[in-house]
Amino acid sequence: MEYNMENKISNSTRLVFVDKDREIPAGTHYGPVIFNHFVLECCIAGGGKILVGENEHAVGVGQGYVLFPGESTTLISDSVSSRTCLWCAIVGDDVKSAILAAGITPENPYIPETAFAEIKAVISDLYKMRDEADGGAEYRRTAHIYRILGALLRESAEKSTSVHVNRAIGIMETKYNQPLTVSGIARAVGLDRAYFTTLFTAATGVTPYNYLTELRIKK
């Protein structure tokens, strides 16, 4: 079932769907498919791989990953054993920002291994409450989504901050004499402009625009 919370909760973050796929037969191919939402999936039995565009990623028990909206994706069970997974589809500006801030991208879709157990437990809770329809159900589901985002950021925010900022500085240092823009640099490191500016300023003490301007003057 799809949960429509747009009229009840002002924030755009919401649960779209949650399910548990049991014992998907060995060798099963699903896709290619293009999702409209972010899909977080936890593999709890069996294994296989996912194809995102031209990139292939192996998955097994105890691994979780994120499938991005707009990306051509194929999910394949391994050829020996069936696969069971627990997953949810979620949307929202906070969802996108947190996933990218955690360093998760279509090229590196894995959630941190240390966050797997917590995220699996939260999705399991969402699955158990999937039929709840009282006046507070949507708020409880949204709270669970933020638990997932909090787990992602707790484990990897510090690391991803360093990665994003260092990549941005590398781009500026090597392409300062080209028509760079803050928006273009943000896209190159996989972040939206506003969040990138906040991240960069917190790490360096200056805005990316001022950093680039001072670099150009220095060069």
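Which residues are exposed on the other side of helix H5? In this predicted model, the answer is Ala194, Thr198 and Ala202. Helix H5 makes a convenient starting point, and the rest of the chain is taken up after it.

Helix H5 covers residues 193–204, 12 residues in total. From the first C-alpha to the last, H5 reaches 16 Å, close to the 16 Å expected at 1.5 Å a residue. Opposite the exposed positions, Phe196, Leu199 and Phe200 of H5 are buried. Viewed down the helix axis, the buried residues of H5 fall within an arc of 95°, so they line one face of the helix. Both ends of H5 also repay a look. At its start, a side-chain oxygen of Asp192 comes to within 3.3 Å of the backbone nitrogen of Ala194, a residue that is itself exposed. Just after H5, Gly205 adopts a positive phi of about 90°.

A glycine with positive phi is also found after helix H1: here Gly103 follows the helix, with a phi near 80°. H1 itself comprises residues 93–101. Its buried residues are Val95, Ala98, Ile99, Leu100 and Ala101.

Stepping back to the whole protein chain, the model contains six helices and eight strands. Their order is easily followed from the N terminus on, as the elements run β-β-β-β-β-β-β-β-α-α-α-α-α-α. The C-alpha trace spans about 60 × 45 × 30 Å along its principal axes. Of the 219 residues in the chain, 43% are buried. Among contacts with a separation of 6 or more, 74% are between residues 24 or more positions apart.

One pair of residues from the helical part of the chain can be placed in space as well. Arg187 belongs to helix H4, which covers residues 182–188. With a relative accessible area of 60%, Arg187 is exposed, since the threshold for that class is over 50%. The C-alpha atoms of Arg187 and Ala168 lie 10.0 Å apart, with the two positions 19 residues apart in sequence numbering. Ala168 falls in helix H3, which runs over residues 137–175.

The cysteines were examined next. A disulfide is a covalent bond between the sulfur atoms of two cysteines. A search of the whole structure finds zero disulfides. Cys85 is in no disulfide, and the nearest cysteine sulfur, belonging to Cys43, is 7.1 Å away; the cut-off for a disulfide is 2.5 Å. Cys85 is buried, at a relative accessible area of 1%. Cys88 is likewise in no disulfide, and the nearest cysteine sulfur, that of Cys42, is 8.0 Å away. Cys88 counts as buried too, at 0% relative accessibility.

Finally, a word on confidence. The protein chain averages a pLDDT of 87, and 91% of the residues score at least 70. In the protein chain, confidence is highest in helix H2 (residues 116–128), at a mean of 96, and lowest in helix H3, at 83. Over residues 1–11, pLDDT stays under 50. For this stretch the model has 29 contacts beyond four places in sequence.

Methods: Residues numbered from 1 in each chain as written. Heavy atoms only, no water. Helix = DSSP H or I, 4+ residues; strand = E, 2+ residues; numbered from the N terminus. Expected span 1.5 Å × (residues − 1). Buried < 20%, exposed > 50% of the residue type's maximum accessible area, 1.4 Å probe, protein only. Arc of directions from axis to C-beta. Polar contact = N/O pair within 3.5 Å; in protein donor to acceptor, adjacent residues only side chain to side chain. pLDDT = per-residue confidence, 0-100. Contact = heavy atoms within 4.5 Å.
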